[in-house]
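Biologist: I'm new to this one and would like a close look at a single part rather than a quick tour. Could you pick a sheet, walk me through what packs on it, and then show me how the surroundings compare?

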2 protein chains.
Amino acid sequence: MAHRAGGRALSLLRGRLPLHGPAAAGGCAVRGQARLGSSGAAVRKAPRAAGAEEAGEDAEVNTRKKTFTEVQTERSEQAERTVLIKCPPKLNEKKLLQYLSSHGNIESHFFFENRGIHAVIEFSEKNSIASLQDAIGIPSSAEHHVVPFKSRLFTFTLKNPVSQAAEETPVHLSPQSHIPVKELIQKLCDADSISSQMYILLNEYQLTEENIKLRFLACSLVRDFARAYFPDSTVKPFGSSVNTFGKLGCDVDMFLDFHDIRKHGTKMKKGPFEMEYQMKRLPSERLATQKILSVIGDCLDNFGPGCVGIQKILNARCPLVKFSHQPTGFQCDLSVSNSIAIKSSELLYIYGCLDSRVRALVFSVRCWARIHGLTNSVPGTWITNFSLTMMVMFFLQKRSPPIIPTLDQLKELADEKDKHVIGGYDCSFVSDLSKIKPTKNTETLDVLLGDFFEYFGNFDFRKNSINLRKGREINKPESSPLYIWNPFEQDLNISKNVNQPQLEKFVAMARESAWILQKEDKTQQVINKEPWGLAALLIPFGKSNPSKMKNRMKGLGSETIRSLLDSLKLNNATSLQKAAGK
Amino acid sequence: MAHRAGGRALSLLRGRLPLHGPAAAGGCAVRGQARLGSSGAAVRKAPRAAGAEEAGEDAEVNTRKKTFTEVQTERSEQAERTVLIKCPPKLNEKKLLQYLSSHGNIESHFFFENRGIHAVIEFSEKNSIASLQDAIGIPSSAEHHVVPFKSRLFTFTLKNPVSQAAEETPVHLSPQSHIPVKELIQKLCDADSISSQMYILLNEYQLTEENIKLRFLACSLVRDFARAYFPDSTVKPFGSSVNTFGKLGCDVDMFLDFHDIRKHGTKMKKGPFEMEYQMKRLPSERLATQKILSVIGDCLDNFGPGCVGIQKILNARCPLVKFSHQPTGFQCDLSVSNSIAIKSSELLYIYGCLDSRVRALVFSVRCWARIHGLTNSVPGTWITNFSLTMMVMFFLQKRSPPIIPTLDQLKELADEKDKHVIGGYDCSFVSDLSKIKPTKNTETLDVLLGDFFEYFGNFDFRKNSINLRKGREINKPESSPLYIWNPFEQDLNISKNVNQPQLEKFVAMARESAWILQKEDKTQQVINKEPWGLAALLIPFGKSNPSKMKNRMKGLGSETIRSLLDSLKLNNATSLQKAAGK
């Protein structure tokens with residue numbers, strides 16, 4: 001196995017793994033893994049660092065899939081036992097591990113590149129970290145002073161870099177970002193079916209096991225700040241980091257949870273006395289939330305190594321603190337516990353785990369939408385990723401036979417411990433994946449992708465709304481251009497922000513895409529070295545008159561395409577989208 | 001022993017203890033104590049809560065006096081084992097203690113009044129607090145939300161106040177403020193000598209053992225905030241809380257100390273590696289200090305129960321955070337470690353412990369200065385308490401034989417472990433009190449008080465400066481009206497702020513006071529029920545023409561004096577001073 005410092009080489013390497021096809025992703029597939037990892041679901045084996053076990057585990061492990069809560073708890077607990085070490089450009093991996101082992105057994109480790117090489121070390125026992133921390137010094141220099149906050153972020157240097165450099169070998173680096181769209185398109189062209197293309201895209205874009213670990217680590221490091229004052233509080237990721245639909249590079253949404261503290265808020269009653277804590281009292285929970293977030297934001301800003309660009313957005317409906325966490329490379333949004341948001345994450349997790357086609361279709365549609373400027377990373381009148389995902393889910397509920405169950409069906413399967421009523425809304429649904437019967441639907445992704453575009457190209461948005469609870473269209477309760485029922489807060493439209501022009505653009509693009517897929521002649525395109533299938537959909541159609549663009553690539557050789565792509569500077573989806581004029 | 005809820009009754013009670021006279025205060029006397037308390041020096045026994053041991057310990061304990069550092073360490077450690085409980089107006093002390101004892105042995109306890117009754121409970125073991133905290137609830141109510149920061153401040157309530165009230169008896173309350181000047185003056189008039197008057201004043205004004213404990217507790221509670229992020233940091237009181245010259249009601253100056261952390265700032269060096277913490281780097285220590293104080297100020301403000309009125313004064317030469325700590329009733333100033341300020345506290349501690357006359361004279365002169373508007377609680381051109389204390393020390397060094405040694409003499413007695421060079425200044429002096437020979441001077445305080453006023457009434461301030469290191473006048477190095485050498489930073493004048501009019505006022509008041517003491521006829525004054533001795537000096541002289549006021553009280557009966565004092569609303573030194581027109 002090649003060991004190279006560049007992420008590019010690895011991306012190519014990963015591309016060669018036999019990851020496409022439904023058989024390869026039977027569960028909550030995470031790129032590059034095929035053992036029952038601690039994420040619980042059957043996941044693919046990652047290209048491991050030297051010394052880790054390699055082949056022989058690619059068969060699916062046949063155990064009960066863990067529930068969302070079990071997986072989250074396990075990953076949080078792993079993160080608590082993990083440290084992050086900034087390393088010199090070249091290092092002797094074996095010696096580093098050898099040294100660290102003197103503080104305790106290392107359960108797992110990986111390296112990644114983020115303005116320098118970093119090692120993520122997971123110990124078997126939490127107290128190994130205390131042992132390591134005791135041995136670590138505070139940086140001292142005449143030029144600077146430090147804020148002596150002792151975190152789990154260390155810097156590792158070689159005493160004598162020159163003499164030691166010779167014996168160091170490059171370490172394997174786990175990729176933390178997806179490949180540029182340009183490379184993706186070329187890779188897609190080499191596939192043998194649209195279905196394969198969609199799994200390749202999924203495999204390139206989805207979060208890796210290592211990236212998920214890093215996300216939990218970021219939360220755990222923020223938890224250290226919260227726990228300083230609120231020892232029983234936790235910080236947990238929600239949304240795309242945990243719902244199986246996260247893309248490499250997406251933000252880490254995390255929330256601070258006091259739930260456990262407040263649960264134990266019973267007064268001591270012994271003898272004739274009552275004893276309670278003296279605490280700051282505030283007229284509303286919102287004010288308490290704002291104050292706590294504000295102070296934790298200041299702590300991160302002033303004490304947290306590599307916490308920069310802190311923005312407090314405390315007057316929002318859901319107060320939050322945004323910051324950039326340089327050591328892990330994540331953009332983070334910290335808010336306070338929002339039970340419904342967690343339930344939404346769990347619902348998507350379940351849908352994502354049920355059938356491998358679900359995530360493949362969602363990733364393809366979202367990549368397509370982004371390239372054509374239908375979604376955007378900033379808030380506005382664009383369709384959100386969440387809305388788009390819900391549209392895919394609805395489409396899959398509508399297949400015959402359905403590929404995924406409706407929310408009402410999931411609720412019927414719920415047992416007593418799955419009962420959750422949050423703020424008056426019944427958010428109950430089954431948590432045990434094994435209780436859900438596998439679908440009898442065997443349609444290929446080739447069919448599903450084309451039908452998705454056709455379905456929404458012809459959907460009567462003027463009259464109908466999308467309801468995942470029932471799994472059918474319902475007359476719109478009000479006149480928003482796009483109406484998608486919030487799965488839990490049933491009186492809310494999750495796509496209220498979308499205006500008529502944006503919806504029309506979506507419909508036009510869907511029709512155009514359906515038309516392209518129906519009309520194309522794959523054999524001819526492959527001979528002509530033209531983008532075909534999904535690849536053809538990921539090239540901007542031109543904004544003036546999409547229908548005139550249908551033969552836009554005809555007659556252009558691959559060299560021409562390459563130079564066209566170059567001229568558009570298609571390094572990633574964002575700049576691609578900008579190039580497409582949004 | 002009377003058990004009353006009112007502080008006033010206790011003040012009167014304390015007045016009856018035989019506390020005046022040098023024999024009663026052989027060491028670092030603290031009002032109302034006569035055993036070798038944990039403060040180290042021989043201290044008087046406080047009026048204890050019911051059940052505590054009482055008589056039989058009034059004899060002085062003949063052990064080595066502890067050093068300043070030993071006393072501070074011991075008190076800090078006590079404070080870590082202490083909790084503060086807000087109690088209902090009436091409570092059954094025995095039952096409370098009985099309940100608390102179920103969490104561990106109680107080492108000491110006392111009650112005090114501060115917007116309600118509070119109990120200070122010192123456990124023998126620190127882990128008793130964790131046990132108690134586990135059993136305590138979080139307040140819950142529909143009307144308010146709390147910031148769930150779990151401190152060592154609790155509220156204790158009776159389940160059924162009406163039925164239980166009958167069996168409750170008032171607890172003994174330890175006074176936390178000194179008696180009003182009006183009461184003090186009447187008490188002084190009943191004494192039999194000026195010396196006795198001075199000890200009465202000292203006894204009424206000085207910090208009690210309980211008040212000192214409460215000061216260390218306030219620091220320890222602030223330490224809990226700092227320790228959340230900087231586990232090895234400490235918060236220690238300095239200045240008047242610990243230098244034996246503090247007056248009941250004075251602010252708590254405290255500093256945050258990272259010294260221990262930075263001391264261990266050596267890098268881990270093992271094998272070919274160096275490992276250090278990633279930490280926020282700042283271009284100056286001052287900036288680091290400002291950021292840390294700022295965040296801790298926010299934490300106190302937002303999380304700290306009863307922490308109110310937080311003011312950040314971060315751009316001052318010595319950045320600090322001021323706040324009012326309601327549970328203990330203290331006004332606090334939190335700054336960051338200032339080694340020279342600590343050395344100053346220790347120096348005063350040594351002088352205060354050496355001879356009982358030192359503190360009696362300082363307290364009398366400071367009370368006199370405050371009443372006559374020579375000092376003020378706000379910064380300005382007034383002489384500071386510190387400068388005034390240094391002037392008394394200098395006067396005592398100049399007696400023949402000297403009552404206290406010069407700083408150079410204390411430095412000669414220093415051994416190796418006493419060597420301290422701070423910022424280039426030699427701050428070494430002996431820490432072991434037993435190495436300092438007791439003075440052979442036997443002058444009474446009657447003599448010393450009169451001579452103090454005479455000495456400074458005639459001091460050549462134009463030509464001479466005051467130097468405690470040498471114990472003699474030195475030609476002024478520059479033209480400040482009052483020049484007192486900083487004992488450690490020898491190039492600084494601690495009274496640079498004093499202007500010529502303020503100095504002249506001081507000289508005039510000193511002369512007037514010397515004249516009053518020389519001319520007065522005590523027998524006649526006692527017969528006429530006129531204030532005499534020290535009492536006569538604590539009544540404003542009138543600001544227009546002090547010399548005309550010399551017979552100001554002559555012929556006035558005690559009733560007349562009382563109504564005069566009433567009209568001036570002499571409830572405390574501050575309002576008295578305001579009445580005196582400053």
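Modeller: Here is a walk through one sheet of chain A, followed by its surroundings and the matching part of chain B.

Keep in mind that this is a predicted model. Let's begin with the sheet itself. Chain A has an open sheet of five strands, in the order 6-7-13-12-11, with mixed pairing. As background, strands of a sheet pair through backbone hydrogen bonds, either parallel or antiparallel. Which strands stand at the edges? They are strand 6 (234-238) and strand 11 (307-313) of chain A; each has a single partner strand, so one side of each has no neighbour in the sheet. Going from one strand to the next, the twist averages 25°.

Now zoom in on one edge. Strand 11 of chain A pairs with strand 12 (residues 320-325) of chain A in the antiparallel sense, over five bridges. If you want a spot to click on, try Q311(A), whose bridge partner in strand 12 of chain A is K322(A).

Next, the helices that pack here. Helix 8 (residues 209-229) of chain A packs on the sheet and touches strand 6, strand 7 (252-257), strand 12 and strand 13 (330-336) of chain A. The direction of helix 8 makes about 150° with that of strand 6 of chain A. Then there's helix 10 (residues 285-303) of chain A, lying across strand 7, strand 11, strand 12 and strand 13 of chain A. Helix 10 runs at about 165° to strand 11 of chain A.

Helix 8 of chain A deserves a bit more time. Its 21 residues, at 1.5 Å a residue, should span 30 Å, and the end C-alpha atoms are 31 Å apart, which agrees. There is still a kink in helix 8 of chain A, about 25°, centred on R223(A). How many of its residues are buried? The count is 19 of the 21, so helix 8 of chain A is largely enclosed by the rest of the structure.

Over in chain B you'll find an open sheet of five strands too, in the order 6-7-13-12-11 and with mixed pairing. Strand 6 (234-238) and strand 11 (307-313) of chain B are at the edges; each pairs with a single strand, so one side of each is left without a neighbour in the sheet. The twist here averages 25° from one strand to the next. For a parallel pair, look at strand 7 (residues 252-257) and strand 13 (residues 330-336) of chain B, joined by five bridges. D253(B) stands opposite D333(B) in that strand 13 of chain B.

Helices lie against the chain B sheet as well. Helix 8 (residues 209-229) of chain B lies across strand 6, strand 7, strand 12 (320-325) and strand 13 of chain B, at about 150° to strand 6 of chain B. Helix 10 (residues 285-303) of chain B packs on the sheet too, touching strand 7, strand 11, strand 12 and strand 13 of chain B, and its direction makes about 165° with that of strand 11 of chain B.

One residue gives you a feel for the inside of this arrangement: S335(B), which lies in strand 13 of chain B. Is S335(B) buried or exposed? With a relative accessible area of 6%, S335(B) is buried. Leaving out residues up to four places away in sequence, S335(B) touches several residues, including F238(B), M254(B), L293(B) and L320(B).

Back in chain A, another strand is worth a glance. Strand 1 (residues 82-87) of chain A is mostly covered, with five of its six residues buried. Strand 1 pairs antiparallel with strand 3 (residues 117-123) of chain A over six bridges, and K86(A) stands opposite H118(A) in strand 3. Strand 1 also pairs with strand 5 (residues 153-158) of chain A, in the parallel sense, over three bridges. There, L84(A) stands opposite L153(A) in strand 5 of chain A.

Finally, step back to the nonpolar cores. The largest has 91 residues, and those with the most contacts inside it include L361(A), W368(A) and F506(A). Its largest share, 10 residues, comes from helix 12 (residues 356-371) of chain A. Another core, of 90 residues, lies apart from it, with F68(B), F394(B), F452(B) and M509(B) among its members.

Definitions and conventions:
Residues numbered from 1 in each chain as written. Chains lettered and ligands numbered in written order. Predicted model: local features only at pLDDT ≥ 70, side-chain atom pairs only at ≥ 80, totals over all residues. Heavy atoms only, no water. Core = buried A, V, L, I, M, F, W, Y, C linked by side-chain atoms within 4.5 Å. Buried < 20%, exposed > 50% of the residue type's maximum accessible area, 1.4 Å probe, protein only. Helix = DSSP H or I, 4+ residues; strand = E, 2+ residues; numbered from the N terminus. Pairing = 2+ DSSP bridges. Axes fitted to C-alpha atoms, helices over the stretch in contact; angles between N-to-C directions. Contact = heavy atoms within 4.5 Å. Expected span 1.5 Å × (residues − 1). Bend = angle between axes of the 7 residues up to and from the residue.
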